[in-house]
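Okay, everyone, thanks for coming. Let me put the structure up and then walk you through the part I've been looking at.

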Amino acid sequence: MNSSWIDPTPLTDAALATETPESDSLDQEKKKLAREQRENLKLEKRLCRQVGQAIVDYNMIEEGDRVMVCLSGGKDSYGMLDILLKLQARAPINFEIIAVNLDQKQPGFPDHILPEYLTKLGVKFHIETQDTYSIVKRVIPEGKTLCSLCSRLRRGILYRVADEIGATKIALGHHRDDILHTFFLNLFFAGKLKAMPPKLVSSDGNHVVIRPLANVAEKDLIRWAEIKEFPIIPCSLCGSQENLQRKQVSNMLSEWEKKWPGRRENMFTAMQNVVPSHLLDSAQFDFKAVCATGKEEPEGDIGFDTPELPVLKPASNVIQIV
Ligand code: SF4
């Protein structure tokens with residue numbers, strides 16, 4: 001190749017700045033686009049992997065299941081439906097998906113958005129219309145939070161719909177951060193070590209509720225909703241204030257995450273590594289039966305020790321016990 005085709009002098013910053021600005025910016029644009037596409041693909045893979053893992057770990061979906069996917073019009077439930085459809089296409093088992101939305105007759109609820117979206121997607125769906133909004137407004141005094149009655153009514157209706165459509169599983173769009181928030185709400189305000197189960201049986205014993213997004217971080221769902229341009233329906237239509245305690249817990253966790261990146265992840269992992277013998281609940285561990293066995297107990301003496309803590313990365317090498 002003729003070396004004159006290659007400029008042997010390195011490009012200075014100034015040269016970079018003035019060098020054929022049009023083609024350069026085009027190049028940058030292409031690189032940015034390629035980078036974005038790579039990131040999006042990584043995110044999609046992560047979401048599929050995390051949802052798939054939850055399904056397997058908790059045996060959420062089985063052969064022949066008819067899964068009722070509860071769709072509110074928020075980013076989480078859109079994300080859940082989207083990922084479940086992807087997994088359905090390649091799952092080693094057959095299962096059905098039916099999207100269900102409850103139109104609670106909140107003022108200004110755009111009731112055309114979900115049917116249009118779901119029809120375009122080619123997903124089976126059912127829209128249940130029940131004016132719970134009026135009931136809640138009538139019963140709850142002005143200024144009080146509406147959510148607890150509202151969700152109780154919604155739950156009852158969704159269980160009935162599940163029976164009517166023959167659903168064997170009811171999928172809700174709670175994610176990892178919802179689970180963490182609930183854990184701290186119970187810890188701070190209810191005196192319980194309790195979060196949100198990934199799978200449970202309804203109190204009437206007739207329905208199995210699953211949370212396929214249990215392993216998924218909220219920030220990933222926010223990003224996925226932007227990428228996929230889901231037609232989000234605002235959740236503030238009911239006019240209810242966000243629960244103050246939940247907001248406080250959410251802010252606290254965000255602050256922690258800023259100072260100690262990875263803390264949410266650690267806390268979430270901790271929920272999957274419970275050691276009942278090192279808590280104080282006699283219903284979970286039979287302390288009365290503890291006695292010398294004469295055999296080696298590998299876990300025995302560590303009960304006296306300060307736990308060995310890993311070095312936090314990357315924010316600090318100092319372990320902070322808050
Ligand atoms: S935010 Fe509104 S729609 Fe949602 S549970 Fe509360 S009252 Fe019901």
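So, start at Met68, which stands opposite Ile98 in S2. Just so we're clear, this is a predicted model. The strand Met68 pairs with there, S2, covers residues 96-103, and S1 and S2 run parallel, paired over 5 bridges. To get from S1 to S2 the chain goes through H3, and that β-α-β crossover is right-handed.

How buried is S1, then? Of its 5 residues, 66-70, 4 are buried, so the strand is largely enclosed by the rest of the structure.

S1 has another partner, too: strand S4, residues 169-171, also runs parallel to S1, with 3 bridges joining them. There, Val67 has Lys169 as its bridge partner.

Moving along, S2 pairs with S3, residues 125-129, again in the parallel sense and over 5 bridges. Leu102 sits opposite Glu128 in that pairing. With helix H4, residues 113-121, these two strands give you a right-handed β-α-β unit.

Now the core. The largest nonpolar one has 39 residues, and Met68, Val69, Cys70, Ile170 and Ala171 have the most contacts inside it. Helix H3, residues 75-90, supplies the largest share, 5 residues. Take Ala171: beyond its sequence neighbours within four places, its contacts include Met68, Val69 and Cys70, plus Met80, Ile210 and Pro212.

Last thing, the ligand. Which residues surround the ligand? You've got Leu146, Cys147, Cys150, Ser151, Cys235, Cys238 and Ser240. That shell splits into 5 nonpolar and 2 polar residues, with no charged ones.

Okay, that's me done. Over to you.

Conventions
Residues are numbered from 1 along each chain as its sequence is written. This is a predicted model: local features need pLDDT of at least 70, side-chain atom pairs count only at pLDDT 80 or more; totals for chains, interfaces and linings use all residues. Two strands pair if DSSP finds at least two bridges between them. A crossover is right-handed if, with the strands pointing away from the viewer, the path from the first strand over the helix to the second runs clockwise. A nonpolar core is a set of buried Ala, Val, Leu, Ile, Met, Phe, Trp, Tyr and Cys residues joined through C-beta atoms within 7 Å. A residue is buried if 20 or more other C-beta atoms lie within 10 Å of its own, exposed if 12 or fewer, and partly exposed in between; C-beta atoms are placed from the backbone. Two residues are in contact if their C-beta atoms, placed from the backbone, lie within 7 Å. A residue is near a molecule or strand if its C-beta atom, placed from the backbone, lies within 6 Å of it. Ala, Val, Leu, Ile, Met, Phe, Trp, Tyr, Cys and Pro count as nonpolar, Asp, Glu, Lys and Arg as charged, and the others, Gly among them, as polar.
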